[in-house]
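This report describes one protein chain, from its overall form down to single residues. Please keep the sequence and the model at hand while reading.

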Amino acid sequence: MRKLFLLLLFLSSFMNMSKAQTPVVPELTKEKAAQFADLVLKNVDKIYPNKISHTMNGPQDAQTPNRLHPAFYGCFDWHSAVHGHWLLVRLLKMYPDLPQRKQIIDVLNRHFTKENIQTEVAYFQAPGRESFERPYGWGWLLKLQAELLTWDNPNGKEWANILAPLAQEIVQRYHFYLPGLYYPIRRGVHENTALGLLLALDYAKVTRDSIFENLLKERALFYYENDKNIPAAWEPGGDDFLSPSLIEADLMLRVLDREAFQKWFWTFLPQIPESLQHPAVVSDRADPKGVHLDGLNLSRAWCMFDIAKEFPPESVMARQLIQMAHQHAADALPHVLSENYVGSHWLATFAVYMYDSMGKMD
């Protein structure tokens, strides 16, 4: 009876949504990819403005961002620089004949040197920096490394070898951090535990690091397996770029088999509330926190595409999620290419990640 009741709720909700035409999400063409690449290339060597999170242990630490982080100093902050580099690699893998190919290779060759990565590792290892970029920047560094490791390209292999010490440093930090984290951090911002686990888990699978993978899965189950009736109606927060509920589900589909995930999801989110069915309203894109909501709409979309794959294609659940994903993506994509630096330094990353999840639907 409970399943029938929930199904009727979903069906009623889907019928209401279906009255509106599903927006068409434009294809990620080579021309659009080139525009995204230009956006990153414009920012990846841009030192200022720069928001640093920096523990100083003495006057010797009073340095400019490019001295502190010679590999990842542009794009306003360290984590955005990291996933900006991921984006360049991803776009070059997707379109090897991208017009900016030579420029991208030149940038990566300059930034990915043994000396630069040694400096990055040394920064992490200095006293008082245990929480630096934890876990958002950690996860994106591992995502970048996984992208390089899965690229059958001489440059990619060379850069992966150079980045390996920093990736290994991050993995060690996860091993130290997670056993001591009793409660997950659920807010839809950088500290979110689920996204940090998700990105790290993808890396662990690529590297076939079973010890790391088992730790991540064990922690995910510890934090989230027994979650029920998450209050998704309270979303979004005013500075969210992740949905606390959907990003958790996106992690759990990597941890549970399909049948177990479906059962878990029905208990976790028995009804998709209105607050998740429609894109978040972005009232001030000039505000560095307010523009997070454009990223939220993109990350909601990628989660919805991912979750939909775990249900039969013709099911009410899958169809509803796909329709909502298209609505969210179509709402946010026009704002990715912007002269507004508070959004332009990072939104293209979320857009391409969304396209990757959307492409997996085919």
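## Salt bridges, fold and backbone

Asp356 and Arg90 are both buried. The model is a predicted one, and in it the side chains of these two residues form a salt bridge, with N and O 2.9 Å apart. The bridge connects distant parts of the chain: Asp356 belongs to helix α17 (residues 347-359) and Arg90 to helix α4 (residues 78-94), with the two positions 266 residues apart in sequence numbering.

In total, the structure contains 19 salt bridges. Another of them pairs Arg254 with Asp250, at 2.8 Å from N to O. These two residues sit in helix α11 (residues 244-255), 4 residues apart, or about one turn of the helix. Arg254 has a relative accessibility of 13% and Asp250 has 0%; since the cut-off for buried is under 20%, both count as buried. Elsewhere, bridges with shared partners link Arg90, Lys93, Glu147 and Asp356 into one network.

Arg219 and Glu218 make a further salt bridge, in which the closest N and O atoms are 2.9 Å apart. Is each partner buried or partly exposed? Arg219 is buried, because its relative accessible area of 9% is under 20%. Glu218 is partly exposed, because its 37% falls between the 20% and 50% limits.

The three pairs described here are listed below.

| Salt bridge | N to O distance |
|---|---|
| Asp356 and Arg90 | 2.9 Å |
| Arg219 and Glu218 | 2.9 Å |
| Arg254 and Asp250 | 2.8 Å |

Turning to the chain as a whole, its secondary structure consists of 17 helices and 0 strands. The radius of gyration is 20 Å, close to the 21 Å given by the globule rule for 362 residues, so the chain is as compact as a globular protein of that length. Along the principal axes, the C-alpha atoms fill a box of roughly 65 × 45 × 40 Å. Of the 362 residues, 57% are buried. Among contacts between residues at least 6 apart in sequence, 78% join residues at least 24 apart.

The exposed surface of the chain comes to about 15900 Å², and carbon and sulfur atoms supply 55% of that area. There are 36 positive and 41 negative side chains, and the centres of the two sets are 2 Å apart.

Pro154 is part of helix α8 (residues 154-177). With a relative accessibility of 67%, Pro154 is exposed, because the value is over 50%. From Pro154 to Asp284 the C-alpha distance is 44 Å, and the two are 130 residues apart in sequence.

Some backbone details deserve a check in the model. Most residues other than glycine have a negative phi, and most peptide bonds are trans. Tyr48 and Pro49, however, are joined by a cis peptide bond with omega of about 0 degrees. Pro49 is in the loop between α2 (30-43) and α3 (65-68). A cis bond also joins Arg134 and Pro135, where omega is about -5 degrees. Pro135 is placed in the loop between α6 (114-125) and α7 (136-149).

Cys75 is not a glycine, yet has a positive phi of about 60 degrees. Cys75 is in the loop between α3 and α4 and is buried, at 1% relative accessible area. Arg208, also not a glycine, has a positive phi of about 55 degrees. The loop between α9 (193-207) and α10 (210-224) holds Arg208, which is exposed at 75% relative accessibility.

Methods
Residues are numbered from 1 along each chain as its sequence is written. This is a predicted model: local features need pLDDT of at least 70, side-chain atom pairs count only at pLDDT 80 or more; totals for chains, interfaces and linings use all residues. Side-chain values use heavy atoms; hydrogens and water are left out. A salt bridge is a side-chain nitrogen of Lys or Arg within 4 Å of a carboxyl oxygen of Asp or Glu. Buried means under 20% relative accessible area, exposed over 50%, partly exposed in between (1.4 Å probe, protein chains only). The radius of gyration is taken over C-alpha atoms; the globule rule is 2.2 Å times the number of residues to the power 0.38. Contact means heavy atoms within 4.5 Å. Accessible areas come from the Shrake-Rupley method with a 1.4 Å probe; for residues, only the protein chains shown count as cover. Lys and Arg count as positive and Asp and Glu as negative; His and the chain ends are not counted. The place of a charge is taken as NZ of Lys, CZ of Arg, CG of Asp or CD of Glu.
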